[in-house]
Structure formats: structure tokens, C-alpha cells
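Student: Can we go through this model label by label? I want the reasoning behind each term.

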Amino acid sequence: MKTNRRCRALLAVSLNLMALLFSTTAFITTHWCEGTQRVPKPSCGKEKKTNCLNYGGNETANETNQNVVHYSWETGDDRFLFRYFHTGIWYSCEENINAAGEKCRSFIDLAPASEKGVLWLSVVSEVLYILLLVVGFSLMCLELFHSSSVIDGLKLNAFAAVFTVLSGLLGMVAHMMYTQVFQVTVSLGPEDWRPHSWDYGWSFCLAWGSFTCCMAASVTTLNSYTKTVIEFRHKRKIFEQGFREEQNFLDQEALKYFRERAEEERAEAGDLRLQCLHSCSPN
């Protein structure tokens, strides 16, 4: 029983630790959603000779370069670039078309005013989700390494399960609220940011993987608590049943002993009466 209980507790601790690492990584990274943005090509210049627009229409040595577009009303989609971007809870980063690297801006500032409250609620829920995971992980470690008795272990187990379940529910709500805010921002956000195409990134997958590990840890903890309680009650029932049988046996033995003693006392009393009658009768 003790070995199985320890194995279940170790599994719950491992799942909770994975959930904590995944959620923290997803919270601080910027790959919840990623895709491409359609932006106009910049003007060609001395430092920019590819993927640009030649507004002057001058003949240059680069006019044979297919990446240089001569501006006219017929150019259509050739006037645009599709730059890569990725967005997280805090920042949205996009490819810099004028220089190497990326430029980032606050996603909270990009969100429409009507959705800022929901976004902040999502941030608070994510923080509480991580904090409750830390509390649940601490209680599971205490139950695994420092519980001195079965009763203390069951109490820690129960509290760890409650905190883990609550954290999982908060995490689910936070992820769904962020998804809603991002979808609204795609439609109503700034013109220079709106994605042309997008999909969910690896941070989003980590967030939901964290939720899965969190719920698996809570189920494992509840399962360990339930099994321990059932085994404890079963052993108690067996002990009480054995105690009652032993008590009945002792009662029967005591009853038999007192009956034998009473019969012996009656026999002795009868012998004494006979002796008295013989001694008192005339010769």
C-alpha cells in the first residue's frame, strides 16, 4: 500500500511540475499565434535594392532584378510584402522589412478598447493559474517527502487536489479569453498590424499541454486520495471484524468458565449438605 501510494504521489508531482514549466514558458513567450501580414513594399534606395518599389521609374542596373517593382497602377499584389509575425500575451513581434531582425510592440496596446478588460482578466487568470500550480506542487512535495502519518498525508493530498483543480479551471478560462481577444484584434486591430493569415503557435500548444498535465495531476492526486481512503477503511473494517470475533470468543470462553464454576460450586454445596445430614443424623 505504501509503495503504490508513493508511486502515485511521485507521478502527480511530475505531472504538476511539467504543467508549471509549460505554463511559465507559454506565459513569457510570444508564439501563441503566428502568421503573415500584408504590407506595402518600401521605396528603393541606396540601402534598399531588393523587395522594394522604384517610384522614379529610372533605368538602373537593378532593373533586371525581379525583386524590384516599377510602380504603376497595374502592379497589384506585387506592391505588397508578406512579413512573418508572432504574438504572445505581452508582445507582438514582426519581421523588420527595412533592416535585419524584428520589431516588437505591446499586444495590450494593439487590442481594441472593448477587449482590454478581457485581456487583463486573461493575464490575471494566467498569473493565478501559475501561482495555484506552485501551491499544489508544494503541497504534493510535502505529502511525498515530509508526511509523517497517513492522516497527515491524506490532508495534504486533498488540499493539493483542490488547488490543482482550481488552477486547471483558471488556466482553461485564461486561454479561452486570450483566444477571443486575439480573434477580435485580428478584425478590429490597427490596419498596419492585421494579419493576412495566421495560425496557433507552439506557445499556444504549450499552454494547453500545461492544462492537460495539470488536470492529469489533479486526477492522479484524487485517485491516490480515494484509493488510500478505501484501503484505510477496508483495513479498519477487517480489524473491527476481527476484534468483534475475538471479543465474542472471549465472551463465550468467560461464559463457559463461569458456568463451570457455578456447577462446581453447586456440587460442593450439595456435598456439604450431605455431610451435614450424615453428621447430624442419630446413630
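Tutor: The questions below take the disulfide, the cysteines, the cavity and the helices in turn. Keep in mind that this is a predicted model.

Student: What makes Cys93 and Cys104 a disulfide?

Tutor: The distance between their sulfurs. It is 1.9 Å. The cut-off is within 2.5 Å, so the pair counts as a disulfide. The structure holds 1 disulfide.

Student: Why is this disulfide called right-handed?

Tutor: Because the torsion about the S-S bond of Cys93 and Cys104 is about 105°.

Student: Which parts does the pair tie together?

Tutor: Cys93 sits in strand β5, residues 91-95. Cys104 sits in strand β6, residues 102-106. The linked parts are therefore 11 residues apart in sequence.

Student: Why is Cys93 called buried?

Tutor: Its relative accessible area is 6%. Buried means under 20%, so Cys93 qualifies.

Student: What is the label for its partner, Cys104?

Tutor: Partly exposed. Cys104 has a relative accessible area of 47%. That class runs between the buried limit of 20% and the exposed limit of 50%. Cys7, at 48%, is partly exposed too.

Student: How do you know that Cys213 is not bonded to Cys214?

Tutor: The closest cysteine sulfur to that of Cys213 is in Cys214, 8.8 Å away. A disulfide needs the sulfurs within 2.5 Å, so this is too far for a bond. Cys213 is also buried, with a relative accessible area of 11%.

Student: How many cavities are there, and what lines the largest?

Tutor: A search of the whole structure finds 1 cavity of 30 Å³ or more. The volume of the largest cavity is about 50 Å³, so it passes that cut-off. Its lining includes Arg8, Met140, Glu143 and Thr220. Helices α1 (2-28), α3 and α5 (202-280) each give two or more residues to the lining. By type, the lining residues are 3 nonpolar, 4 polar and 2 charged.

Student: Where do the transmembrane labels come from?

Tutor: From an unreviewed UniProt entry. It lists residues 127-146, 158-180 and 200-226 as "transmembrane region". In the model, residues 127-146 are 95% helix and 0% strand, with end C-alpha atoms 28 Å apart. Residues 200-226 are 93% helix and 4% strand, and there the end C-alpha atoms are 38 Å apart.

Student: Why is Leu121 called partly exposed?

Tutor: Its relative accessible area is 47%. That lies between 20% and 50%, so Leu121 is partly exposed. Leu121 belongs to helix α3, residues 116-145. Leu121 and Val173 are 52 residues apart in sequence, and their C-alpha atoms are 9.6 Å apart in space.

Conventions
Residues numbered from 1 in each chain as written. Predicted model: local features only at pLDDT ≥ 70, side-chain atom pairs only at ≥ 80, totals over all residues. Heavy atoms only, no water. UniProt positions renumbered as here; feature names shortened; annotations may be inferred. Buried < 20%, exposed > 50% of the residue type's maximum accessible area, 1.4 Å probe, protein only. 1 Å grid on protein atoms, 1.4 Å probe; cavity = no way out; pocket = protein on both sides within 12 Å on 5 of 7 lines; lining within 4 Å. Points joined across faces, edges and corners; volume = space filled by probe spheres on them. Nonpolar A, V, L, I, M, F, W, Y, C, P; charged D, E, K, R; others polar.
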